[in-house]
Amino acid sequence: MEQNVCIYMSQLAEKMRKAGKDSRADLYRVLYNRLHRFPKGGTLTFGRVTAAFVDDFAQSLRDEGLTVNTVNSYVGGFRALYNRAGKTGLFEIPEKSPFAHLRLRREITVKRALSSQAVCELAQMQPSASTGLRRSLDYFLFCFMACGMPFVDLAHLTCDNIVGKDIVYHRQKTGVRVQVSITPGMRMIIKRYARKDSRYLFPILPEDGGSRSYYKYQLVRYNADLKIIGNYLRHPVALTSYVARHTWATLAHKADVPKDVISLALGHSFGCDVTDIYIDFDRDKIDEANRKVIDYISGGLKKSKS
């Protein structure tokens, strides 16, 4: 009897979760939910996955209004799972794969970076602390000043990540080590949220770290606040957690920071280990790049908000 695709996907998602591969597990969980309700009748087995089925599934995603890149991500994930199951002998792989005809080309998206004027405007905002907007704006500005630190890494920062005058952490996504100097604006925000009874720098996660779903809930709240804040700008923008990272990289490029230094600052993985010999050298380049970015926006972030 052929393996049920959805059952296999659910089991694989759980396996990925236990291995700490949360992003892949989330993708399989979303795929499970969509495939589970897609077939018009009968159980979906690997034998029923044909080229026509794949095309119908992709079209159903487009009909939901999903973007090209999102559809490609889901269909590409489905293809990877199908190939993985076939290699383990769960079904007999057909001579021609039902995914062979696909050409999943990534669509170039609209750039998410803010202008230097918009960043300065954000730095001068004074939203009420009682609404939660002040907290989310502080998080956004901190991420920007920390060379575009991702929100997930911000959430997991602890007191142990402060080493002297630097913040040293490993990216949650790639494990790459990142070290940046703490700017006056960053230090001001750290002090604002310092709590003697917590190991975390910011009140985002519970002391036990919380679950993946709890973090995602906090991310949704953060983005909801940023959406409101973005509408307060003189020229409203769709502000999200990703914008701080894109903005830092874009302004660094405009400030003539070399692309390899921008990649180092963003914590991109180069597929090889960086030896300790180069750590201080790389940090100096990153610090200089960050100074250029902050100077580029006319000092608006040097003091941040008092």
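These legends describe close-up views of a predicted model.

**View 1. The largest nonpolar core.**
This core holds 58 residues. Seven names stand out for touching the most other members: Leu122, Phe140, Phe142, Leu154, Ile167, Phe202 and Trp248. Helix H6, residues 133-145, gives the core its largest share, nine residues. In soluble globular proteins, nonpolar side chains tend to be buried together.

**View 2. A second core.**
Another core lies separate from the largest one. It has 31 residues, including Ala13, Tyr28, Phe38 and Val49.

**View 3. Phe142 and Phe202, an edge-to-face pair.**
The structure holds 19 aromatic pairs. How do the rings of Phe142 and Phe202 meet? Their planes stand at 70°, so the pair is edge-to-face; the cut-off for that label is over 60 degrees. The ring centres are 5.0 Å apart. Phe142 sits in helix H6, while Phe202 sits in the loop between H8 and H9. The two residues are 60 residues apart in sequence, so their pair ties together separated parts of the chain. Phe142 is buried, with a relative accessible area of 0%. Phe202 is buried too, at 1% relative accessibility. Both residues also appear among the core members that touch the most others.

**View 4. Tyr139 and Tyr193, a tilted pair.**
Here the ring centres of Tyr139 and Tyr193 are 5.8 Å apart. The angle between the planes is 55°, and the pair counts as tilted. Which parts of the chain does the pair link? Tyr139 belongs to helix H6. Tyr193 belongs to the loop between helix H8 (184-192) and helix H9 (212-232). The partners are 54 residues apart, and the pair links distant parts of the chain. Both Tyr139 and Tyr193 are buried.

**View 5. A cluster of rings.**
Ring pairs join several aromatic residues into a cluster. Its members are Tyr8, Phe38, Phe46, Phe53, Phe57, Phe78, Tyr82, Phe91 and Phe99. Phe38 is a link to View 2, as this residue also belongs to the second core.

**View 6. Arg29 over Tyr32.**
What lies over the face of Tyr32? Arg29 does, at 5.2 Å from the ring centre.

**View 7. Ser116 in helix H5.**
Ser116 is part of helix H5, which covers residues 116-124. Is Ser116 buried or exposed? Its relative accessibility is 16%, so Ser116 counts as buried; the cut-off is under 20%. The side chain of Ser116 makes a polar contact with the side chain of Gln117, at 3.3 Å.

Terms used
Residues numbered from 1 in each chain as written. Predicted model: local features only at pLDDT ≥ 70, side-chain atom pairs only at ≥ 80, totals over all residues. Heavy atoms only, no water. Helix = DSSP H or I, 4+ residues; strand = E, 2+ residues; numbered from the N terminus. Buried < 20%, exposed > 50% of the residue type's maximum accessible area, 1.4 Å probe, protein only. Polar contact = N/O pair within 3.5 Å; in protein donor to acceptor, adjacent residues only side chain to side chain. Core = buried A, V, L, I, M, F, W, Y, C linked by side-chain atoms within 4.5 Å. Phe/Tyr/Trp six-rings, centres within 6.5 Å; stacked < 30°, edge-to-face > 60°. Lys NZ or Arg CZ within 6 Å of the ring centre and 35° of its normal.
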